[in-house]
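Hi there,

Here is the structure I promised to pass on to you. Have a look at it first, and then read on for what turned up.

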Amino acid sequence: MAEPRYRTIIEPHRVKVVEPIHMTTRAAREELLAAAGYNLFGLRADQVMIDLLTDSGTSAMSAEQWAGIMRGDESYAGSSSYFRLEAAVKDIFGYRHVLPTHQGRAAERILFGCAVGPGQVVPSNNHFDTTRANIETQGAEALDLVIAEGRQPALDYPFKGNIDLARLDALLAARGPRGVPMVMLTLTNNSGGGQPASLDNIRGVAASCRRAGVPFYIDACRFAENAFFIKQREAGQAGRPTIEIAREMLRLADGCTMSAKKDGLANTGGFIGTNDDALAARMRNLSILTEGFPTYGGLAGRDLEAIAQGLYEVLDESYLTYRMRSTAYLGDGLRAAGVPIVEPPGGHAIYIDAGALLPHIPSSSYPGQALACEIYLAGGIRSCEIGSVMLGRRDPAGGAEIPAAMELVRLALPRRVYTQSHVDYVVEVIADIAARKQSLRGMTIVEQPPALRHFTARFAPVG
Ligand SMILES: Cc1ncc(COP(=O)(O)O)c(C=O)c1O
């Protein structure tokens, strides 16, 4: 840990390899964005100066991870790299069965494909979009039961990712294990602002599930960030090593889905963990069909090595201190510039409340998309709308679209990638936009696919 008498928290690593940023002008970016249909997913990465689209798969790997990549055992069956990953997951997560997958959504598809059926309901604090889509693909309902505080962006509350236990208990009593095949908890709660759930709340979910005879699964993408928030914010947890908190937290559940592209500090990969022997057998069979043999699950041996190492590095206290401080630093800068953000700052991202910043743009004109586009045009910074474009729903009766609960723009920080001066630049660009916010106009959708439309929809500025 750093010397406590100095305030500045330095990056706990130094730069060994650099990747040039391609600088562009506003005029060039106007052409590029129009050609991409005003969808930031449509841009080429080299058309972006600072890429805060996602923290997923964008981590800088460590020297030890690269060393693991050289060590990767590429055997089809029984690779030693698999056993290294399995040992790391068993040590930290504690689940009996570990099935690698090519990324988190593959873990979701396999788990739900084997355990969820039509007419059932899977509650969570907030499901992530791929989780929701994978549940709905099984003909089941993905139900969000986050606490009321979690739906108020400006409210400063330490555990806005908590699930509403009273509503969960009511659902479990009404539907029972036949209607609710599992309860999920997304840690941290990405769709709700990267907010953590408390250990107390996770213990409550585990107890409710046990009483009802319903399995409990954690979407563990950002388990280390959630554990560190517990250490920082929950009474009685400050003195515990984060890895111990993580171990307790994860062992409260019967299993997990994991995207190692987040708190695995890897560029790809994921896994399913479970203590259910029969379910594990069914999932292995499905995995063979679409991911590959169960000791590689769609990954190269070198990827398994990178994840096994990353799962420990992500729990390093110096790393987590720097990680949380750098995210909060971005939030502090925006708040000081009068930009409303989801409070308190999340772990992996700052979420701008575009609905509050741009009250003159209605949800039907996608204020988050309008802001994300302007952030790119002004500064070459790529962010991600998490509002009515991503989470708005079509009215089954054919009426007007049902808007999302919040109109957010997410600035996700890749792990160990950007420095303080990059963050200072981001703050300066967005502060400048906030000062002339009245000039921003909404967007309209001109083309969209039937599901997960935010990836490929095309937009146009409103007249
Ligand atoms: C909370 C959460 N769950 C699941 C996923 C899906 O993981 P992947 O992108 O590896 O498929 C993500 C990805 O962003 C996520 O944030």
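**A buried glutamine**

Gln 120 is buried, because its relative accessible area is 16% and the cut-off for that label is under 20%. Please keep in mind that this is a predicted model.

Gln 120 sits in the loop that links helix H4 (104-115) and strand E3 (121-124). What does its side chain reach? The side chain of Gln 120 comes to 2.7 Å from the backbone oxygen of Arg 178. Arg 178 also appears among the contacts of Gln 120 once neighbours within four places in sequence are left aside; the others are Ala 115, Ala 140, Glu 141, Arg 175, Gly 179 and Pro 181.

**Around the ligand**

You will probably want to zoom in here next. There are 15 residues around the ligand, and those that come nearest are Gln 103, Arg 105, Asp 219, Ser 259 and Lys 262. Three polar distances may be handy for your setup:

- The side chain of Gln 103 has an N or O atom 2.8 Å from an oxygen atom of the ligand.
- In Gly 104, a backbone N or O atom is 2.8 Å from a ligand oxygen atom.
- For Asp 219, an N or O atom in the side chain lies 2.6 Å from a nitrogen atom of the ligand.

**A three-stranded sheet and its helices**

Further along the chain there is an open sheet of three strands, ordered E9-E12-E11 and paired antiparallel. Strand E9 (349-353) and strand E11 (384-386) form the edges, each pairing on one side only. From one strand to the next, the twist averages 35°.

How many bridges join E11 to strand E12? Three do, with E12 covering residues 408-412 and the two strands running antiparallel. Opposite Glu 385 you will find Val 409 in E12.

Two helices go with this sheet. Helix H12 (residues 317-336) lies across E9 and E12, at about 25° to E9. Helix H14 (residues 367-379) packs on the sheet as well, touching E9, E11 and E12, and its direction makes about 40° with that of E12.

**Helix H11**

One last element is helix H11 (residues 301-313). Its 13 residues reach 19 Å from the first C-alpha to the last, close to the 18 Å expected at 1.5 Å a residue. Which residues in H11 are buried? They are Gly 301, Leu 304, Glu 305, Ala 306, Ile 307, Ala 308, Gly 310, Leu 311 and Glu 313.

Happy exploring, and best wishes!

Notes
Residues numbered from 1 in each chain as written. Predicted model: local features only at pLDDT ≥ 70, side-chain atom pairs only at ≥ 80, totals over all residues. Heavy atoms only, no water. Pairing = 2+ DSSP bridges. Helix = DSSP H or I, 4+ residues; strand = E, 2+ residues; numbered from the N terminus. Axes fitted to C-alpha atoms, helices over the stretch in contact; angles between N-to-C directions. Contact = heavy atoms within 4.5 Å. Expected span 1.5 Å × (residues − 1). Buried < 20%, exposed > 50% of the residue type's maximum accessible area, 1.4 Å probe, protein only. Near = heavy atom within 4 Å. Polar contact = N/O pair within 3.5 Å; in protein donor to acceptor, adjacent residues only side chain to side chain.
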